[in-house]
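Open the model in your viewer and keep the sequence panel visible. The tour goes from the whole chain to single residues, one selection at a time.

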Amino acid sequence: MADHQVHDLTPEEVSKGIAEGRYLLVDVREPNEVAVEAYPDAVVVPLQTFDPSAIPDPKGKTVVFACRSGKRSVTASLAAQAAGLAYDHHLAGGILGWKAAGLPTRTGG
């Protein structure tokens, strides 16, 4: 069995994939963080209480994990893979990178 790995996606790739209906973005930050600033089109599944089964059925889309800086999203991806889910993509740089790329966020979770 190959080691689990996590593939980096750039903010631009993720934004385009969401717009094209190819990606399901899963924000693993905590609710208080999401309340301050959120990705426009993400499902929130907090890492602190991470339950891979709480991730909605992506219905053929690629699941992409996201967090603040790109660390927790890797942890979440590895946890999902350990649970037998082939969710091996994350947003490199997190919401910090997302904003640095000039992509929109919304407030109020």
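Of the contacts in the protein with a separation of 6 or more, 66% are between residues 24 or more positions apart. This is a predicted model, and every value below is computed from it.

**The whole chain**

Show the chain as a cartoon and follow it from the N terminus: the elements run β-α-β-α-β-β-α-β-α. That makes four helices and five strands. Switch to the C-alpha trace, which spans about 40 × 25 × 25 Å along its principal axes. For 109 residues, a compact globule would have a radius of gyration near 13 Å, and the protein agrees with this because its own value is 13 Å.

Now turn on the surface. The protein exposes about 5700 Å², and carbon and sulfur atoms supply 53% of that area. Buried residues make up 40% of the 109 residues.

**Helix α1**

Select residues 11-19, which form helix α1. Which residues of α1 are buried? They are Pro 11, Val 14, Gly 17 and Ile 18. Look down the axis of α1: the buried residues fall within an arc of 135°, so they line one face of the helix. The spacing has a general background. An α-helix has 3.6 residues a turn, so residues three or four places apart point the same way.

Next, show what the buried residues of α1 pack against: strands β1 (7-9), β2 (23-27), β4 (62-66) and β5 (89-91), and helix α4 (94-100). Then step just past the end of α1 to Gly 21, which takes a positive phi of about 75°.

**Helix α3**

Move to residues 72-82, helix α3. Its buried residues are Ser 73, Ala 76, Ser 77, Ala 80 and Gln 81. They cover an arc of only 135° around the axis, which puts them on the same side of α3. What covers them includes β4 and β5. After α3 comes Gly 84, whose phi is positive, near 95°.

Before leaving this region, select Lys 71 in the loop between β4 and α3. Is Lys 71 buried or exposed? Its relative accessibility is 64%, so Lys 71 counts as exposed. Draw a distance from its C-alpha atom to that of Gly 93: the two residues are 22 residues apart along the chain, and the atoms are separated by 8.2 Å.

**The nonpolar cores**

Hide the surface and show side chains. The largest nonpolar core has 13 residues, and those with the most contacts inside it are Val 26, Val 28, Phe 50, Ile 55, Val 63 and Phe 65. The elements that give two or more residues to this core are β2, β4 and α3. Another core lies apart from it, with 12 residues, among them Val 64, Ala 66, Leu 91 and Ile 95.

Pick Val 63 from the larger core. Beyond residues up to four places away in sequence, Val 63 touches Leu 24, Val 26, Ile 55, Pro 58, Tyr 87 and His 89.

**Three strand residues**

Start with Leu 9 in strand β1. Leu 9 is buried, because its relative accessible area is 8% and the cut-off is under 20%. Not counting residues up to four places away in sequence, Leu 9 touches Val 14, Tyr 23, Val 64, His 89, His 90, Leu 91 and Ala 92. For a longer view, draw a line from Leu 9 to Asp 51: they are 42 residues apart in sequence and 23 Å apart in space, C-alpha to C-alpha.

From Leu 9, go to its contact partner His 89, which lies in strand β5. The side chain of His 89 makes a polar contact of 2.8 Å with the side chain of Asp 88. Leaving aside neighbours within four places in sequence, His 89 is in contact with Val 6, His 7, Leu 9, Thr 62, Val 63, Val 64, Phe 65 and Ser 77.

End at Asp 27 in strand β2. How is Asp 27 placed, buried or exposed? Asp 27 is buried, with a relative accessible area of 1%. The side chains of Asp 27 and Arg 29 are joined by a polar contact of 2.8 Å. Its contacts more distant in sequence than four places include Val 34, Tyr 39, Ala 42, Pro 46, Ala 66 and Cys 67.

Methods. Residues numbered from 1 in each chain as written. Predicted model: local features only at pLDDT ≥ 70, side-chain atom pairs only at ≥ 80, totals over all residues. Heavy atoms only, no water. Buried < 20%, exposed > 50% of the residue type's maximum accessible area, 1.4 Å probe, protein only. Arc of directions from axis to C-beta. Contact = heavy atoms within 4.5 Å. Polar contact = N/O pair within 3.5 Å; in protein donor to acceptor, adjacent residues only side chain to side chain. Core = buried A, V, L, I, M, F, W, Y, C linked by side-chain atoms within 4.5 Å. Rg over C-alpha atoms; globule rule 2.2 N^0.38 Å. Areas by Shrake-Rupley, 256 points an atom, 1.4 Å probe, with all protein chains shown as cover.
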